Amino acid sequence: MEIMHQDNLQKVIRVERLGPQDMRQVMELEQLCFNYHWTEEQFRLGLEKGAFFVLGIRQGIDIVGYLAYTKVLDEMEILNLAVHPKHRRKGFAARLLSTLLARCREQGVRKGFLDVKASNNPAIDLYLKFGFKKRGVRRKYYPDTGEDAILLDRTIS
Ligand SMILES: CC(C)(COP(=O)(O)OP(=O)(O)OC[C@H]1O[C@@H](n2cnc3c(N)ncnc32)[C@H](O)[C@@H]1OP(=O)(O)O)[C@@H](O)C(=O)NCCC(=O)NCCS
């Protein structure tokens with residue numbers, strides 16, 4: 001049996017821009033992945049007002065991964081990124097992030113940043129792998145656990 005190279009595997013995972021009609025599924029995935037989560041209404045309103053954008057990956061009719069981000073002038077902020085627990089370690093988050101960075105390059109976005117819980121090693125590993133660097137800490141930032149936030153950023157060229 002032919003073993004597909006990781007780069008080719010990445011290319012066959014299709015990433016699409018999600019719309020308001022997808023937000024119920026995104027919210028369900030969000031509930032599964034986070035204790036503190038946005039409501040469907042917040043997702044819908046944010047999308048409709050153009051406050052943020054959401055990229056997603058489907059398997060059949062199910063959305064199994066999504067990434068929400070904002071873009072202001074030449075900066076973007078990653079707001080949320082999650083992959084369904086049954087579909088982790090298949091490269092879906094990596095594919096979402098690489099698609100986002102490619103779009104940013106096309107659109108002249110020069111800097112990306114985000115915050116992440118200090119205990120979230122899978123996510124921190126992922127972002128470091130994608131060239132983000134630790135820039136600071138916000139003490140007791142998260143309302144659900146009181147945990148510190150690690151601030152990460154990277155330039156995009
Ligand atoms: C973090 C998360 C999005 C990663 O999704 P994923 O699709 O499983 O990640 P990928 O398969 O694309 O992994 C890419 C890289 O991320 C890192 N990574 C992902 N999961 C990891 C884990 N459990 N432990 C350590 N590193 C991990 C690795 O560097 C991995 O590369 P490798 O597989 O070659 O080692 C997923 O675990 C998740 O949804 N977690 C809950 C929600 C969350 O915490 N989101 C981040 C908020 S900022």
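User: What covers the buried residues of α2?

Analyst: In this predicted model, the cover over the buried residues of α2 includes α3, β2 (53-59), β3 (62-72) and β4 (75-83). The buried residues themselves are Met23, Val26, Met27, Leu29 and Glu30.

User: What makes these buried residues line one face of the helix?

Analyst: Looking down the axis of α2, one finds the buried residues within an arc of 160°, and they therefore line one face of that helix. As a general point, an α-helix has 3.6 residues a turn, so residues three or four places apart point the same way.

User: Why are α2 and α3 called oblique to each other?

Analyst: The axes of helix α2 (residues 23-33) and helix α3 (residues 40-48) come within 9 Å and cross at roughly 130°. An angle over 145 degrees would count as roughly antiparallel, and one of 65 to 115 as roughly perpendicular. The crossing at roughly 130° belongs to neither of these ranges, and therefore the two helices are oblique to each other. The crossing in which α2 passes α3 is right-handed.

User: Which residues of the two helices meet, and how do they divide into nonpolar, polar and charged?

Analyst: From α2 come Met23, Arg24, Val26, Met27 and Glu30, and these meet Glu40, Phe43, Arg44 and Leu47 of α3. Divided by type, the residues of this contact are five nonpolar, no polar and four charged.

User: How do you know which side of α5 is buried and which residues are on the face turned away?

Analyst: In helix α5 (residues 121-129), the buried residues are Ala123, Ile124, Leu126 and Tyr127. Because they cover an arc of only 160° around the axis, they are placed on the same side of α5. The face turned away from that buried side carries Pro122, Asp125 and Lys129, which are exposed. The buried residues of α5 have a cover that includes β4, α4 (92-106), β5 (111-117), β6 (133-138) and β7 (149-155).

User: Why is Phe34 called partly exposed?

Analyst: Phe34, found in the loop between α2 and α3, has a relative accessibility of 25%. Buried would require a value under 20% and exposed a value over 50%, so at 25% Phe34 counts as partly exposed. Apart from its neighbours within four places in sequence, Phe34 is in contact with Tyr66, Asn80, Leu81 and Ala82.

User: Why does Arg154 count as buried, and which residues is Arg154 in contact with?

Analyst: The relative accessible area of Arg154 is 16%, and because this is under the limit of 20%, Arg154 counts as buried. Arg154 is placed in strand β7, and its contacts, leaving aside neighbours within four places in sequence, are with Leu101, Arg105, Arg110, Lys111, Gly112, Phe130, Gly131 and Phe132. One of these, Arg110, is 44 residues from Arg154 along the chain, while the C-alpha atoms of the two are separated by 8.6 Å.

User: Are Leu73 and Arg89 buried or exposed, and what is phi in each?

Analyst: Leu73, in the loop between β3 and β4, has a relative accessible area of 79%, and Arg89, in the loop between β4 and α4, has one of 86%. Exposed means over 50%, so Leu73 is exposed, and so is Arg89. Phi is positive in Leu73, at about 50°, although this residue is not a glycine. Arg89, also a residue other than glycine, has a positive phi near 60°.

Methods: Residues numbered from 1 in each chain as written. Predicted model: local features only at pLDDT ≥ 70, side-chain atom pairs only at ≥ 80, totals over all residues. Heavy atoms only, no water. Axes fitted to C-alpha atoms, helices over the stretch in contact; angles between N-to-C directions. Helix = DSSP H or I, 4+ residues; strand = E, 2+ residues; numbered from the N terminus. Parallel < 35°, antiparallel > 145°, perpendicular 65-115°, else oblique. Left-handed = near helix turned anticlockwise from the far one by under 90°. Contact = heavy atoms within 4.5 Å. Nonpolar A, V, L, I, M, F, W, Y, C, P; charged D, E, K, R; others polar. Buried < 20%, exposed > 50% of the residue type's maximum accessible area, 1.4 Å probe, protein only. Arc of directions from axis to C-beta.
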